[in-house]
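Grab a pencil and work through these exercises one at a time. Try each task yourself before you read its solution.

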Amino acid sequence: MKGPRDLERFINVNGLMARLMVVGDAATSMKAAASLGIDIDRIMKTVIFLDDSEKPLAVMLRGSRK
């Protein structure tokens, strides 16, 4: 299983303008934003779905979106 280090490597190798941040309590976007002391609109959340053939599909949303 891949983890945070793999994601950080992917970000660096691909020159993405992103930063991986470790958040203490991130059970919800609101808790993650509060623990970082930032507005919820600065949080991104990712939801992973598997299609019928078990291929993953990642959807990224602002923390305030449902």
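Buried means under 20% relative accessible area, exposed means over 50%, and partly exposed is in between, with a 1.4 Å probe and protein chains only. You're looking at a predicted model, where local features need pLDDT of at least 70, side-chain atom pairs count only at pLDDT 80 or more, and totals for chains, interfaces and linings use all residues. Residues are numbered from 1 along each chain as its sequence is written, and side-chain values use heavy atoms, with hydrogens and water left out.

**Exercise 1. Get an overview of the protein.**

Step 1: Start with burial. Of the 66 residues in the protein, 11% are buried.

Step 2: List the elements. The protein has two helices and two strands, and from the N terminus on they run α-α-β-β. Helices (H or I, at least four residues) and strands (E, at least two) are DSSP runs, numbered from the N terminus.

Step 3: Check the dimensions. Along the principal axes, the C-alpha atoms fill a box of roughly 40 × 30 × 20 Å.

**Exercise 2. Find the salt bridge and say where its partners lie.**

Step 1: Know the rule. A salt bridge is a side-chain nitrogen of Lys or Arg within 4 Å of a carboxyl oxygen of Asp or Glu.

Step 2: Search the whole structure, and one salt bridge turns up. Arginine 9 pairs with aspartate 6, and their closest N and O atoms are 3.1 Å apart.

Step 3: Place the partners. Both arginine 9 and aspartate 6 sit in helix 1, three residues apart, which is about one turn of the helix.

Step 4: Classify aspartate 6. Its relative accessibility is 28%, so it counts as partly exposed.

**Exercise 3. Describe the largest pocket.**

Step 1: Define it. On a 1 Å grid over the protein atoms alone, a pocket is an open set of points where a 1.4 Å probe fits, with protein on both sides within 12 Å along at least five of seven lines; lining residues have an atom within 4 Å of a point.

Step 2: Note the volume (the space filled by probe spheres set on the points, which are joined across faces, edges and corners). For the largest pocket, this is about 1,100 Å³.

Step 3: Look at the lining. There are 26 lining residues, and Arg19, Leu20, Met21, Met44 and Met60 are the closest to the centre. Helix 1, helix 2, strand 1 (44–50) and strand 2 (56–62) each supply at least two residues of the lining.

**Exercise 4. Is each of these residues exposed or partly exposed: leucine 16, alanine 18, isoleucine 48 and glutamate 54?**

Step 1: Take the loop between helix 1 (4–13) and helix 2 (29–36), where you'll find leucine 16. Leucine 16 is partly exposed because its relative accessibility is 42%.

Step 2: Stay in that loop for alanine 18. With 45% relative accessibility, alanine 18 also counts as partly exposed.

Step 3: Move to strand 1, home of isoleucine 48. Its relative accessible area is 53%, so isoleucine 48 is exposed.

Step 4: Finish in the loop between strand 1 and strand 2, with glutamate 54. Glutamate 54 reaches 58% relative accessibility and therefore counts as exposed. There's a backbone detail too: glutamate 54 isn't a glycine, yet it has a positive phi of about 70 degrees.

**Exercise 5. How far apart in space are isoleucine 48 and serine 35, and alanine 18 and glutamate 8?**

Step 1: Go from C-alpha to C-alpha. Isoleucine 48 and serine 35, 13 residues apart in sequence, are 23 Å apart in space.

Step 2: Repeat for the other pair. Alanine 18 and glutamate 8 are ten residues apart along the chain, and 9.0 Å separates their C-alpha atoms.
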